[in-house]
Amino acid sequence: MKKGLILLCVVAVAGGCGRTAEGTEESPVMKNYERIATVRLTVAEGKRLIAKGIAANPVVRERMENGIVIITRGTTNTYIAEELAGLDATRGAFVTGHIVPHGSQGVSTGTEPVGEIILVDGERSDMTYTEALAMMGPDDIVFKGANMLNYNLGQAAVNIGAPDGGTVSKLRAYTDEGYGRWIVPAGLEKDTSWDLTLCARVAGDETADRTGTVLLNVKQGDIYTEIEAIREFADVDVFPAATGGVRGAEGGVSLMICGSREQVDAALEAVASVYGEPEF
């Protein structure tokens, strides 16, 4: 399993060590699985699982030893920073733009902000975000989350409110030219059936009277969700079983883990390690 995963990720990190740039994968041939087990993850549990999967990924580990890893600010990236860099900060301190219910206070309010984390050979660097981007080689990694996914099409979209295009525009000036890889860690609660390029065109309509509408920056490929995280720990197939719920399951996801008894058990053990993760 691990040998095959390493080969997959070498291709995917050039495409992102996650969902590849081609988007929709060929429909899997139905198999006679030995075991199918369904797990149910809250949004917070999903974020922690994504972070644990990224920390275990062999390509990420190699860059942690011999390269540059940039962790931009965000909610899912807070968990990644905790796993990779030992971040110990008040929740919300490592977050920039985010979505809360109408009229609610943002999670960053009253916190001491923490800037982007730059890791060079696994050690924290005092380089600025811009300086680190300029130093990246083709195999280095930038983690930046998203506000929407179309998992089937391999798309991710980020809300852009800053006049200069914000964090994403800065990193794309390098990653679009092959300097570093932008990997998008994002939970499946953000999955939608809409073609995100269409949504981006509508959001960018300059002829309309715009109220509370920001631009969308769309990326193809390099998506890393709970599905990819589970596959770090076991040779299994993973399919959605349900989305949402109540009593804390709002926004969560239920996933069918399919494979041999041994491999499904390994996947279940990995998932069990995030159960009980408190809300962000």
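The following questions and answers go through a predicted model of a single chain.

Trainee: How many helices and strands does the chain have?
Mentor: The model is predicted, and its chain holds 280 residues, of which 46% count as buried. Among contacts between residues at least 6 apart in sequence, 74% join residues at least 24 apart. The chain is built from 9 helices and 12 strands.

Trainee: Which residues touch the most other members of the largest nonpolar core?
Mentor: In soluble globular proteins, nonpolar side chains tend to be buried together. The largest nonpolar core here has 43 residues. Apart from this core lies another of 20 residues, among them Tyr129, Ala132, Leu149 and Ala186. In the largest core, the residues with the most contacts to other members are Ile71, Leu84, Phe143, Ile230 and Leu255.

Trainee: Which residues does Leu84 touch, not counting residues up to four places away in sequence?
Mentor: Leu84 is one of the buried residues of helix H4. It is also among the residues of the largest nonpolar core that touch the most other members. With residues up to four places away left out, Leu84 touches Ile54, Ala55, Val60, Met64, Val69, Ile71, Leu119 and Phe143.

Trainee: Are the residues on both faces of strand E2 buried or exposed?
Mentor: Strand E2 covers residues 68-71. On one side it carries Ile68 and Ile70, and on the other Val69 and Ile71. Both faces are covered, and these four residues are all buried.

Trainee: Which residue stands opposite Ile70 in E5?
Mentor: E2 pairs with strand E3 (residues 117-120) in the antiparallel sense over 4 bridges, and there the bridge partner of Ile68 is Val120. E2 is also joined to strand E5 (residues 141-143) by 3 bridges, and these two strands run parallel. In E5, the residue opposite Ile70 is Val142.

Trainee: Which residues is Ser125 in contact with, leaving aside its neighbours within four places in sequence?
Mentor: Ser125 lies in the loop between strand E4 (123-124) and helix H5 (129-135). Its relative accessible area is 25%, and because buried means under 20% and exposed over 50%, it counts as partly exposed. Its C-alpha is 9.7 Å from that of Ile68, although the two are 57 residues apart in sequence. Beyond its sequence neighbours, Ser125 is in contact with Ile118 and Val120.

Trainee: Why is H4 largely enclosed by the rest of the structure?
Mentor: The buried residues of H4 are Thr76, Asn77, Thr78, Tyr79, Ile80, Ala81, Glu82, Leu84 and Ala85. Just after the helix, Gly86 takes a positive phi of about 65 degrees. H4 is largely enclosed because the number of its 11 residues that are buried is 9.

Trainee: Which residues form the aromatic pair?
Mentor: A search of the whole structure finds 1 aromatic pair. It is tilted, with 6.1 Å centre to centre and 45 degrees between the planes. One ring is in helix H4 (residues 75-85) and the other in the segment after helix H9 (261-272), 201 residues apart. The pair is Tyr79 and Phe280.

Trainee: Which residue lies over the face of Tyr79?
Mentor: Tyr79 counts as buried, at 0% relative accessibility, whereas Phe280 is partly exposed, with a relative accessible area of 28%. At 4.5 Å from the ring centre of Tyr79, the residue lying over its face is Arg91.

Trainee: Which strands stand at the edges of the open sheet?
Mentor: The open sheet has 3 strands in the order E1-E12-E11, with antiparallel pairing. The twist averages 25 degrees from one strand to the next. Each edge strand has a single partner strand, so one side of each is left without a neighbour in the sheet; these are E1 (35-41) and E11 (237-243).

Trainee: At about how many degrees does H9 run to E1?
Mentor: E1 pairs with strand E12 (residues 253-259) in the antiparallel sense over 7 bridges. Within this pairing, Ala37 stands opposite Ile257 in E12. H9 lies across E1 and E12, and its angle to E1 is about 10 degrees.

Trainee: What separates the C-alpha atoms of Leu196 and Gln155?
Mentor: Leu196 is found in helix H7 (residues 196-203) and counts as buried, at 0% relative accessibility. Leaving out residues up to four places away in sequence, it touches residues including Met148, Leu149, Gln155 and Val218. Leu196 and Gln155 are 41 residues apart along the chain, and their C-alpha atoms are separated by 6.8 Å.

Methods. Residues numbered from 1 in each chain as written. Predicted model: local features only at pLDDT ≥ 70, side-chain atom pairs only at ≥ 80, totals over all residues. Heavy atoms only, no water. Core = buried A, V, L, I, M, F, W, Y, C linked by side-chain atoms within 4.5 Å. Buried < 20%, exposed > 50% of the residue type's maximum accessible area, 1.4 Å probe, protein only. Contact = heavy atoms within 4.5 Å. Pairing = 2+ DSSP bridges. Phe/Tyr/Trp six-rings, centres within 6.5 Å; stacked < 30°, edge-to-face > 60°. Lys NZ or Arg CZ within 6 Å of the ring centre and 35° of its normal. Axes fitted to C-alpha atoms, helices over the stretch in contact; angles between N-to-C directions.
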